[in-house]
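Trainee: I'd like to practise reading a model feature by feature. Can you walk me through one?

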Amino acid sequence: MTVSVPAPAVLSVDLSALARNYHTLGAISGQPVHPVVKADGYGLGAQAVATRLMAEGARTFFVARAAEGVRLRAALGADGPVIYVLDGCHGDDAERLKTADLRPVLNHPAQMQAWAAAGGGTCGLQIDTGMNRLGVRPEDAPEAFDGLALVLTHLACADEPANPMNRRQRDAFAGVVDRYPGVIRSFANSSGCFLGPDFAFDAVRPGICLYGGGPEGRPDPRIAPVAALTAQVLQVRDVSAGESVGYSRGFIAERPMRVATVAAGYADGLLRSYSPQGAVWIVGETRPLLGRVSMDVCAVDITGLDVAVGDPVELFGPNRFIDDAAAAAGTISYELLTSITTRVPRRYVD
Ligand SMILES: *Cc1c(COP(=O)(O)O)cnc(C)c1O
């Protein structure tokens with residue numbers, strides 16, 4: 001008997017689907033797409049994602065942290081794209097930002113002073129139109145200043161198109177940007193791209209929809225799945241009525257069942273909160289997880305299915321949409337993607 005070595009859980013990234021979503025968002029918003037590739041490209045690999053998006057025409061990217069920007073610059077080269085750092089510029093960051101040719105998105109007066117004290121340079125400015133997270137309030141927005149190339153604000157409720165907050169934020173932004181003639185005005189994240197032409201301004205900043213999440217937190221036919229988390233069956237077994245599966249007897253069989261143990265656990269990013277609502281795609285069917293997700297494995301009900309050791313299981317992907325998987329885990333696609341750990345190799349397909 002030969003025993004094959006099971007492949008580890010793998011995160012497959014469909015780069016052509018990423019490219020399609022990029023062009024879809026450009027067509028829907030009618031504006032240039034400035035992709036957000038923070039958190040290592042939402043877990044998919046910022047370098048690979050940005051490289052493909054550049055080949056599709058993207059020239060400006062956003063990251064959250066200066067360190068992310070430094071890594072991306074090193075990966076893409078000195079003559080690469082424009083990179084904005086959403087965190088802005090903290091006291092001793094300015095030199096690091098300049099060395100890596102990164103542009104801070106300045107968020108408050110101390111950041112503006114730190115940037116100016118370091119000699120200034122091309123940068124962005126965030127206006128807080130109601131999220132109360134980052135940025136200066138419209139009434140505190142500075143006059144136009146040298147080096148300002150982009151002004152942005154961020155929507156709090158864009159995934160709820162009918163929420164009146166969207167229009168309030170849009171009007172607040174429109175009311176302040178006039179003082180920055182010639183500066184790129186960026187308003188919409190992914191969901192904002194779908195709110196209509198009034199919300200597009202000069203450039204959009206999508207993240208999640210590039211990576212396959214729907215704009216309203218559920219699958220959307222306009223957005224192609226990009227990421228797929230798959231793992232293999234390690235063992236199959238029969239379980240009798242009254243027997244339990246996994247830690248804490250988290251599942252107790254009421255009838256005889258067949259159970260597959262799958263090589264994906266919370267140390268891979270299969271959130272423990274999948275128990276007890278989670279499901280997977282296996283040999284052409286959606287089947288429930290049984291009991292607790294453990295560190296390295298989970299259990300799946302395969303009663304009545306013809307499943308063998310080594311068979312592939314899709315935790316999310318083209319057959320089990322990431323938004324549905326996230327809902328089952330009580331979370332959102334963003335958290336699901338950024339929770340995939342470094343133990344999981346990324347595989348790029350085209
Ligand atoms: C993360 C982020 C985005 C992208 O948001 P999505 O909802 O993923 O499209 C855009 N702008 C800012 C300021 C962000 O922090």
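Mentor: Sure. Keep in mind that this is a predicted model. Let's begin in the loop between strand 11 (257–262) and strand 12 (279–282), where P276 lies.

Trainee: What joins S275 and P276 there?

Mentor: Look at the omega angle. A cis peptide bond joins the two, with omega at about 5 degrees.

Trainee: And which backbone angle should I check at A39?

Mentor: Check phi. A39 isn't a glycine, yet its phi is positive, about 50 degrees. That residue sits in helix 2.

Trainee: Let's zoom out. How is the chain divided?

Mentor: Into domain 1, covering 15–211, and domain 2, covering 225–349. Their C-alpha centres are 36 Å apart.

Trainee: How do I read the size of the interface between them?

Mentor: Interface size is often quoted as the accessible area lost when the parts come together. Here domain 1 and domain 2 bury about 1,100 Å² between them, and 65% of that is on carbon and sulfur atoms. On the domain 1 side, Y42, L44 and I208 lose the most area to domain 2, together making up 44% of what that side buries.

Trainee: How many residues are in contact across the two domains?

Mentor: 14 residues of domain 1 touch 10 residues of domain 2.

Trainee: What about salt bridges and polar contacts between the domains?

Mentor: Count each kind separately. There are 0 salt bridges between domain 1 and domain 2, but 3 residue pairs are in polar contact, both residues being at pLDDT 80 or more. As for where the domain 1 side comes from, helix 1 (15–29) and helix 2 (38–42) each supply at least two residues to it. Helix 1 gives the most, with 5 residues. By type, that side of domain 1 divides into 10 nonpolar residues, 4 polar and no charged.

Trainee: So where do I find salt bridges in this model?

Mentor: Take the total first: the count comes to 17 salt bridges. One example pairs D198 with R167, whose closest N and O atoms are 3.1 Å apart. That pair links distant parts of the chain, 31 residues apart: D198 is in the loop between strand 7 (184–186) and strand 8 (227–239), while R167 is in helix 7 (residues 164–177).

Trainee: Now the ligand. Which of the 13 residues around the ligand come nearest?

Mentor: K38, Y42, S190, G207 and Y334 do. Next, look at individual atom pairs, and note whether the protein atom is in the backbone or a side chain. At G207, a polar backbone atom is 2.8 Å from a ligand oxygen. At Y334, an N or O atom in the side chain is 2.6 Å from an oxygen atom of the ligand. R133 also offers a polar side-chain atom, 3.3 Å from a ligand oxygen.

Trainee: Does anything tie the ligand back to the domain interface?

Mentor: Follow Y42. It's among the residues nearest the ligand, and it's also one of the three in domain 1 that lose the most area to domain 2.

Conventions
Residues are numbered from 1 along each chain as its sequence is written. This is a predicted model: local features need pLDDT of at least 70, side-chain atom pairs count only at pLDDT 80 or more; totals for chains, interfaces and linings use all residues. Side-chain values use heavy atoms; hydrogens and water are left out. Domain bounds come from an automatic or database domain assignment. Contact means heavy atoms within 4.5 Å. Buried area is the accessible area (1.4 Å probe) that two parts lose on being put together, summed over both. A salt bridge is a side-chain nitrogen of Lys or Arg within 4 Å of a carboxyl oxygen of Asp or Glu. A polar contact is a pair of N or O atoms within 3.5 Å; within protein, one must be able to donate a hydrogen and the other to accept it, and residues adjacent in sequence count only if both atoms are side-chain atoms. Helices (H or I, at least four residues) and strands (E, at least two) are DSSP runs, numbered from the N terminus. Ala, Val, Leu, Ile, Met, Phe, Trp, Tyr, Cys and Pro count as nonpolar, Asp, Glu, Lys and Arg as charged, and the others, Gly among them, as polar. A residue is near a molecule or strand if one of its heavy atoms lies within 4 Å of it.
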